[in-house]
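The following exercises concern a single structure and are each accompanied by a worked solution. Please examine the sequence and the model before reading the solutions.

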Amino acid sequence: MRILVTGGAGFLGSHLCERLLGAGHEVICLDNLFTGRKANIAHLLDDHNFEFVRHDIVDGFKAEVDQIYNLACPASPVHYQFNPIKTVKTSVMGAINVLGLAKRVKARVLQASTSEVYGDPSVHPQEESYWGNVNPIGIRSCYDEGKRVAETLFFDYHRQHGIEIRVIRIFNTYGPRMHPKDGRVVSNFIVQALNNDPITIYGEGQQTRSFCYRDDLIEGMIRLMDNQIGYTGPCNIGNPGEFTIRELAEKVIALTGSKSKLVFEPLPSDDPKQRKPDITQARENLGWEPTVALEEGLKKTIAYFDDLLKSGGGDYPD
Ligand code: NAD
Ligand code: UDP
């Protein structure tokens, strides 16, 4: 198949491109390089089945493809809050553009949605039937509401035009190739620990997250896209292991043997207090469940950041 991956030069997108090429597909990677980097896909550029297009998904795009994975959107709160209006445009106009393309070329299209559609959840663990608790005017809403409208558009295109859609709700995912200044908790803590710098816990660190290793996530995403039973989702893909942020910090310190101390900084507004996926749907419809425990995934991620920092950090601009 010929497959378009928007956001293909990012953390998850570049791994997805790799997996799809490995399975023998042609891949067009479209990215504006806002948070993605050419270095993430440098090793793919010589593959004759791979093409990189520098383009902003807010503007329409034409390509003859069989499938579209729509991942274009900054994922870290630091990055999506940098230009919140642009974040909304990326999610909403990006969704309209990929859906329009899917309609024209009759492609199947997958939306990378997020556990953030549940906001600060009052139901725990979160199952797909839960409608969420999102502050529509808060600092996270550019991301949360953008992704919620994107889901709406996907289901409206499906109902109105019969477009084949898939919607994955991704829970916190981490792993090698994260940007050291990405700003998300796993990369922050590991880089701080390796440098023996203070570990910055926002709030008291009692909020929880469920961390999924990137290979498990990519496997679930491909299974959702390729399922032939017509299961559209929305489908939670995440690791149901739930940890407080303080527990995560302590694990990272133990695994790195770091001398870092914990420091406590203000909790950003609307920061969800708890998050854990119910993955019954993924188990039943896709036969999927995570295989990499947090400690094992952290060890691999620590090894990656350790190499990166020892080699001077690669081409990682601020
Ligand atoms: P990332 O920031 O590494 O990747 C996003 C990619 O999209 C980058 O390469 C960026 O340059 C590109 N991009 C951003 N705006 C664009 C635009 N307007 N036009 C074209 N390209 C654009 O983040 P990631 O972790 O790889 O996330 C990928 C997708 O998965 C995102 O849609 C994100 O919302 C979703 N997601 C990720 C997580 C996670 O924990 N990693 C959780 C929930 C959802
Ligand atoms: N967090 C933290 N210290 C950091 C970065 C994040 O305590 O240096 C907290 C953040 O407040 C949130 C959790 O870790 O409660 C996960 O944050 P992240 O940005 O990784 O993702 P989120 O799930 O909030 O989108």
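## Exercise 1: A helix pair

In this predicted model, helix 4 passes helix 5 in a right-handed crossing. Determine how the axes of helix 4 and helix 5 are oriented, and which residues bring the two helices together.

Solution. Begin with the axes: those of helix 4 (residues 84-105) and helix 5 (residues 141-161) come within 8 Å and cross at roughly 15 degrees. Helix 4 is therefore roughly parallel to helix 5, since angles under 35 degrees count as roughly parallel.

Next, list the contact. Helix 4 contributes Pro-84, Thr-87, Val-88, Ser-91, Val-92, Ala-95, Ile-96, Leu-99 and Lys-103. These meet Cys-142, Tyr-143, Gly-146, Lys-147, Val-149, Ala-150, Leu-153, Phe-154, Tyr-157 and His-161 of helix 5. By class, the contact residues comprise 13 nonpolar, four polar and two charged.

## Exercise 2: The sheet and its helices

Establish the strand order of the open sheet of seven strands, and state which strands stand at the edges.

Solution. The order is 3-2-1-4-5-6-11, and the pairing is parallel. Strand 3 (50-54) and strand 11 (235-237) each have a single partner strand, so one side of each is left without a neighbour in the sheet. From one strand to the next, the twist averages 20 degrees.

Consider now the edge formed by strand 11. Strand 6 (residues 165-170) pairs with strand 11 in the parallel sense over three bridges; Arg-169 has Asn-236 in strand 11 as its bridge partner.

Finally, place the helices. Helix 5 lies across strand 5 and strand 6, at about 155 degrees to strand 5. Helix 7 (residues 214-226) also packs on the sheet, where it touches strand 4 (67-70), strand 5, strand 6 and strand 11. The direction of helix 7 makes about 160 degrees with that of strand 6.

## Exercise 3: Two ligand shells

For ligand 1 and ligand 2, identify the nearest residues and the element that gives the most to each shell.

Solution. Take ligand 1 first. Of the 27 residues around this ligand, Gly-7, Gly-10, Leu-12, Thr-35 and Gly-36 come nearest. Two or more residues are given by helix 1 (11-22) and by strand 5 (108-114), and helix 1 gives the most, with three. The shell divides into 14 nonpolar, eleven polar and two charged residues.

Turn to ligand 2. Among its 14 surrounding residues, the nearest are Arg-184, Val-185, Asn-188, Thr-200 and Tyr-202. Helix 6 (185-194) and strand 8 (199-202) each give two or more residues; strand 8 gives the most, with three. Here the division is six nonpolar, five polar and three charged.

Conventions:
Residues are numbered from 1 along each chain as its sequence is written. Chains are lettered from A and ligands numbered from 1 in the order in which they are written. This is a predicted model: local features need pLDDT of at least 70, side-chain atom pairs count only at pLDDT 80 or more; totals for chains, interfaces and linings use all residues. Axes are lines fitted to C-alpha atoms, for helices over the stretch in contact, and angles run from 0 to 180 degrees between N-to-C directions. Helices (H or I, at least four residues) and strands (E, at least two) are DSSP runs, numbered from the N terminus. Angles under 35 degrees count as roughly parallel, over 145 as roughly antiparallel, 65 to 115 as roughly perpendicular and the rest as oblique. A crossing is left-handed if the near helix is turned anticlockwise from the far one by less than a right angle, and right-handed if clockwise. Two residues are in contact if their C-beta atoms, placed from the backbone, lie within 7 Å. Ala, Val, Leu, Ile, Met, Phe, Trp, Tyr, Cys and Pro count as nonpolar, Asp, Glu, Lys and Arg as charged, and the others, Gly among them, as polar. A residue is near a molecule or strand if its C-beta atom, placed from the backbone, lies within 6 Å of it. Two strands pair if DSSP finds at least two bridges between them.
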